[in-house]
Amino acid sequence: MGDRSERGSAKHRRRTTISGDAAAHAKRSGATDTLSGQVKEKEPRHETSASKQKNHSDAGDDTFSCHKLQESLLSSDSGYSNYRGILNWCVVMLVLSNARLVLENLIKYGILVDPIQFVSLFLKDPYSWPALCLIIASNVFIMAALYTERKLSVGTISEGTGTFLHSINLAALLFFPAVTVLRVTSMTPVGGVVALGVFTVLFLKLYSYRDVNKWCREIRHAKARTLSRSHSCPSVHKANGTTGHTHVTYPGNLTHRDIYYFIFVPTLCYELNFPRSPRIRKRFLLRRLLEMLFLMQLIVGLIQQWMVPTIQNSMKPFQDMDFTRIVERLLKLAVPNHFIWLIFFYWYFHSSMNFIAELMQFGDREFYRDWWNSETIPYFWSNWNIPVHKWCLRHFYKPMLMRGINRLPAQVAVFFLSAFFHEYLVSVPLKMFRLWAFLGMMLQVSLKYHIMLVKFIFYLITFLLPVSGPTRLFRWPILERKLWERSRVDVADHRPADRRSDVRPRLLRAALWERVRGRRGMTQPFLQ
C-alpha cells in the first residue's frame with residue numbers, strides 16, 4: 001500500500017511538472033507583471049504602522065468616493081454639444097402650442113373649410129374660362145419662336161431681322177396677357193396669377209431657346225461653312241422627346257416635338273440634349289401625385305380656416321391706425337403664413353416638379369438646394385429656386401460680365417429683373433399698382449450689405465474680447481466650423497487633456513483673425 005501511494009504521488013508530481021512546463025511560456029510573457037506584483041506584495045511587509053493606516057484610509061476614500069473635478073454640462077467650459085434632446089423638446093412644445101391655436105380657432109369660428117369655394121377662386125362664370133383660353137393662346141408665341149429659328153438656320157433671314165422678330169415676340173409675351181387680365185372683367189385674381197405665371201415662364205424659356213440656338217449657329221459658322229444634308233436637315237427621330245434618346249445636333253433640334261418637350265420639362269434653360277432618366281417609375285409618380293393633391297387641399301384649408309378670419313378681424317385696427325393691434329394682427333398672421341409658405345415650397349418645388357420630371361423622363365432633379373442653411377441673403381436666393389438661378393446666371397449675369405460690366409452692377413441688375421417680375425405677378429392680377437413687391441425685392445440688395453457689415457462688426461468685437469467666460473458660448477461654433485472645413489478632426493481627439501483648454505483659445509483666435517483679415521491657412525500650424 002505504501003508503494004502504491006508513493007507511485008501515485010510521483011505520477012501526480014510528473015503530471016504537474018508536465019503541465020507546468022506547458023504553461024512556462026505563458027508565465028514568461030507575464031514575468032514583468034508577476035515580478036512587479038511580487039514587489040508590491042513584499043513592500044507592505046516593510047511598511048510602518050503609520051503608513052499602513054494611511055494606505056488603508058486612501059483605499060477607503062477611493063472606494064467610497066463619488067465626486068470628481070468636472071464642469072456642468074451647460075457651462076461653456078464643459079465642451080458638451082449634444083443638444084438634440086432639447087431640440088426634440090422644442091419641437092414638442094411647438095406642436096402643442098400650434099395644436100392649442102388650432103383648437104382655439106375651431107372653437108371660435110367653427111369649420112370654415114369649403115372645397116367648392118376653392119373652384120370659385122378660378123371661375124366667376126362656369127361658362128367663361130378666360131385664364132385657360134389665355135394659356136391656350138400662348139401656343140402662337142411658341143410657334144413664332146420655332147419658325148423664326150428655322151428661318152435663321154437656313155439663312156432666309158439675317159441675324160438682325162431674327163433678333164428683331166424675337167424681341168417683338170418676347171415683348172408681346174409680357175404685354176398681351178397683362179392687357180387681357182386688366183381688360184377682362186371675368187378674370188379672377190387667382191386665375192390671373194396662374195395665367196401670368198405661365199406666360200412669365202414661357203418668356204424665360206423662349207429667351208433661353210433663342211440664345212442657345214444663336215450660340216449653336218455661331219459655333220457652326222466658326223467650325224465649318226457647310227454641313228452635309230443629312231446632318232443639317234431637321235429630323236423628328238433625333239428630337240429630345242423621343243424614346244431613343246439619340247444625340248441631337250443643330251439644326252436637327254428645330255422640331256415641334258423638341259420645343260414642346262422643352263416647354264413642358266421643369267427647367268428654364270434650353271439644351272439640345274437634356275439628361276434623361278431610363279424609365280418612368282410608376283410608384284414614385286403615384287406618391288408625388290398623392291402629395292400634390294393632399295398638400296393643395298391642406299393649403300386651401302389653412303387659408304380658409306386660419307388666414308381669412310384673421311385678415312377680416314385685422315381691418316378695423318388698420319382703419320383706426322391702432323399700432324399695437326396692428327402689430328398683434330401681423331404677428332398672428334405670421335404663423336399661418338409661414339406654414340403655408342413652407343407647404344407651398346414642398347408642393348411646388350418637390351412634389352409638382354418631380355411629378356412632371358418623372359413623367360417627361362427629365363433627369364436633372366436639382367430644383368432646390370439647402371436654402372434652410374443660409375447664412376447670407378445671396379446664398380438664400382441662389383439656392384431656393386435653382387431653375388431661376390441657373391437662368392439668371394447663364395443668360396443675364398454672365399453675359400453682362402463678359403461685356404465688361406462689374407459684379408456689383410450686374411448683381412443689382414439681376415435683383416432688378418427679379419423685382420420687376422415679382423411686381424408683374426402681384427400688381428397686374430390684383431389691379432393694384434403699389435410697388436410693394438418691387439421695393440421688397442430691391443431692398444434685398446441693401447439688406448445683403450447691411451448683414452455683411454453687422455457680421456464684420458460682430459467678428460471684430462469677438463476677436464478683441466478675451467476668449468473666456470460667456471464669450472466662448474458664441475465663439476466656439478465659429479471655431480468648430482473652421483476645424484471641420486480645414487482638417488475634419490476635433491482638437492480634443494489628438495491633444496492631451498491638460499492642453500485642451502490652452503489649444504482651443506489659440507485656435508479660436510487664429511480662426512477669427514483669419515476671418516477678419518481675409519487670410520487663409522492661419523489655423524494650419526496649430527493643427528499639425
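These questions and answers go through the calls made on a predicted model.

Q: What makes the secondary structure of the protein helical, in numbers of helices and strands?
A: The protein has 22 helices and zero strands.

Q: How do you know what share of the 528 residues is buried?
A: Buried means under 20% relative accessible area. By that cut-off, 32% of the 528 residues in the protein are buried.

Q: What makes up the accessible surface of the protein?
A: The accessible surface comes to about 34,500 Å². Carbon and sulfur atoms hold 65% of that area.

Q: How do you know what share of contacts joins residues at least 24 apart?
A: Take the contacts between residues at least 6 apart in sequence. Of these, 67% join residues at least 24 apart.

Q: Why is C392 called buried?
A: The cut-off for buried is under 20% relative accessible area. C392 has a relative accessible area of 14%, so C392 is buried. C392 lies in helix α17, residues 386-402.

Q: What is C392 in contact with, leaving aside neighbours within four places in sequence?
A: C392 is in contact with Y397 and V414. As for F415, that residue is 23 residues from C392 in sequence. The C-alpha atoms of C392 and F415 are 9.8 Å apart in space.

Q: Why is there no disulfide between C269 and C392?
A: A disulfide needs a pair of cysteine sulfur atoms within 2.5 Å. The sulfur of C269 is 8.9 Å from its closest cysteine sulfur, in C392, so the pair is too far for a bond. Seen from C392, the closest cysteine sulfur is in C269, at 8.9 Å, again too far for a bond. By this rule the count comes to zero disulfides.

Q: Is C269 buried or exposed, and how do you know?
A: C269 has a relative accessible area of 10%. Buried means under 20%, so C269 is buried.

Q: Why are α10 and α17 called oblique?
A: Their packing angle is about 50°, with axes 11 Å apart. Roughly parallel needs an angle under 35 degrees, and roughly perpendicular runs from 65 to 115. The angle of about 50° fits neither class, so α10 and α17 are oblique to each other. On the α10 side, the contact is made by L204, Y207, S208, D211, V212 and W215. On the α17 side, W391, R394 and H395 make the contact. The crossing of α10 and α17 is left-handed.

Q: Why are α9 and α10 called roughly antiparallel?
A: Helix α9 (residues 159-183) and α10 pack at an angle of about 175°, with their axes 9 Å apart. Roughly antiparallel means an angle over 145 degrees, so α9 and α10 are roughly antiparallel to each other. The contact includes H166, L170 and L173 of α9. From α10, residues in the contact include L196, F199 and F203.

Q: What makes α13 roughly antiparallel to α15?
A: Helix α13 (residues 282-313) and α15 pack at about 160°, with axes 9 Å apart. The cut-off is over 145 degrees, so α13 is roughly antiparallel to α15. The crossing of α13 and α15 is left-handed.

Q: Which residues of helix α12 are buried, and what covers them?
A: In α12 (residues 256-264), the buried residues are D258, I259, Y261, F262 and I263. Their cover includes α8 (139-154), α10 (189-223) and α15 (323-360).

Q: How do you know that the peptide bond from Y250 to P251 is cis?
A: Omega of this bond is near 5°, and the bond is cis. Most peptide bonds are trans. P251 is found in the loop between α11 (229-232) and α12.

Q: What is notable about phi of Q361?
A: Phi of Q361 is near 55°, a positive value in a residue other than glycine. Most residues other than glycine have a negative phi. Q361 is in the loop between α15 and α16 (377-381). Its relative accessible area is 16%, so Q361 is buried.

Q: Why is L435 called partly exposed?
A: Partly exposed lies between the buried cut-off of under 20% and the exposed cut-off of over 50%. L435 has 46% relative accessibility, so L435 counts as partly exposed. L435 is in the loop between α18 (407-430) and α19 (436-464). Phi of L435 is near 65°, a positive value in a residue other than glycine.

Notes: Residues numbered from 1 in each chain as written. Predicted model: local features only at pLDDT ≥ 70, side-chain atom pairs only at ≥ 80, totals over all residues. Heavy atoms only, no water. Buried < 20%, exposed > 50% of the residue type's maximum accessible area, 1.4 Å probe, protein only. Helix = DSSP H or I, 4+ residues; strand = E, 2+ residues; numbered from the N terminus. Contact = heavy atoms within 4.5 Å. Areas by Shrake-Rupley, 256 points an atom, 1.4 Å probe, with all protein chains shown as cover. Axes fitted to C-alpha atoms, helices over the stretch in contact; angles between N-to-C directions. Left-handed = near helix turned anticlockwise from the far one by under 90°.
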